[in-house]
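Trainee: Please take me through the salt bridges in this model, one pair at a time. I would like to know where each partner sits and how open to solvent the side chains are.

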Amino acid sequence: MKELHCKKCDNWTQHPDDAKCEWCGSLDTVTTSTRGGARKGAGRKPRTIKRKSSTVRLEPQDADRLRELCHAEELSQANWIAKQIRIN
């Protein structure tokens, strides 16, 4: 069952498949519900170049040091590591 809205009589109705308003009988003024779900244009825009993920296993003290360095420069770990790779 779809929830449908008739623009002509401004009523909400539920119909299995047909697009006919049960109140006024209109065939062309019924639209599907826009309640809930994402808004048009909402969300993150896709990147032009996809990123690749990489998993690194570090000793606890090294992981703590990485967090400290990132926090000091106000960078994410990914951005901090990328910056270090580009410098060298």
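Mentor: Start with Asp 64. Its relative accessibility is 38%, so Asp 64 counts as partly exposed, since that class lies between the buried limit of 20% and the exposed limit of 50%. Its side chain meets that of Arg 67 in a salt bridge, at 2.7 Å from N to O. Arg 67 is partly exposed too, with a relative accessible area of 46%. Both residues belong to helix H1. They are 3 residues apart, about one turn of the helix.

Keep in mind that this is a predicted model. Confidence is highest in H1, at a mean of 96. Strand E3, residues 30-32, has the lowest, at a mean of 51. For the protein, the mean pLDDT is 77, and 57% of residues reach 70 or more.

The next pair is Arg 65 and Glu 68. They form a salt bridge whose closest N and O atoms are 3.6 Å apart. That counts because the cut-off is 4 Å. Arg 65 and Glu 68 lie 3 residues apart in helix H1, so about one helical turn separates them. Arg 65 is partly exposed, at 45% relative accessibility. Glu 68 is partly exposed as well, at 47%.

Now leave the single helix. Glu 73 forms a salt bridge with Lys 83, and their closest N and O atoms are 2.6 Å apart. This pair links distant parts of the chain: Glu 73 is in helix H1 and Lys 83 is in helix H2, 10 residues apart. Glu 73 has 35% relative accessibility and counts as partly exposed. Lys 83 also has 35% relative accessibility and counts as partly exposed. The count of salt bridges comes to 3.

The two helices also take part in the largest pocket. H1 spans 60-73 and H2 spans 77-87, and each supplies at least two residues of the lining. H2 gives the most, with 7 residues. The pocket holds about 570 Å³ of space. Its lining has 21 residues, and those nearest the centre are Ser 54, Val 56, Gln 77, Ala 78 and Ile 81. By class, the lining divides into 9 nonpolar, 5 polar and 7 charged residues.

Notes
Residues numbered from 1 in each chain as written. Predicted model: local features only at pLDDT ≥ 70, side-chain atom pairs only at ≥ 80, totals over all residues. Heavy atoms only, no water. 1 Å grid on protein atoms, 1.4 Å probe; cavity = no way out; pocket = protein on both sides within 12 Å on 5 of 7 lines; lining within 4 Å. Points joined across faces, edges and corners; volume = space filled by probe spheres on them. Helix = DSSP H or I, 4+ residues; strand = E, 2+ residues; numbered from the N terminus. Nonpolar A, V, L, I, M, F, W, Y, C, P; charged D, E, K, R; others polar. pLDDT = per-residue confidence, 0-100. Buried < 20%, exposed > 50% of the residue type's maximum accessible area, 1.4 Å probe, protein only.
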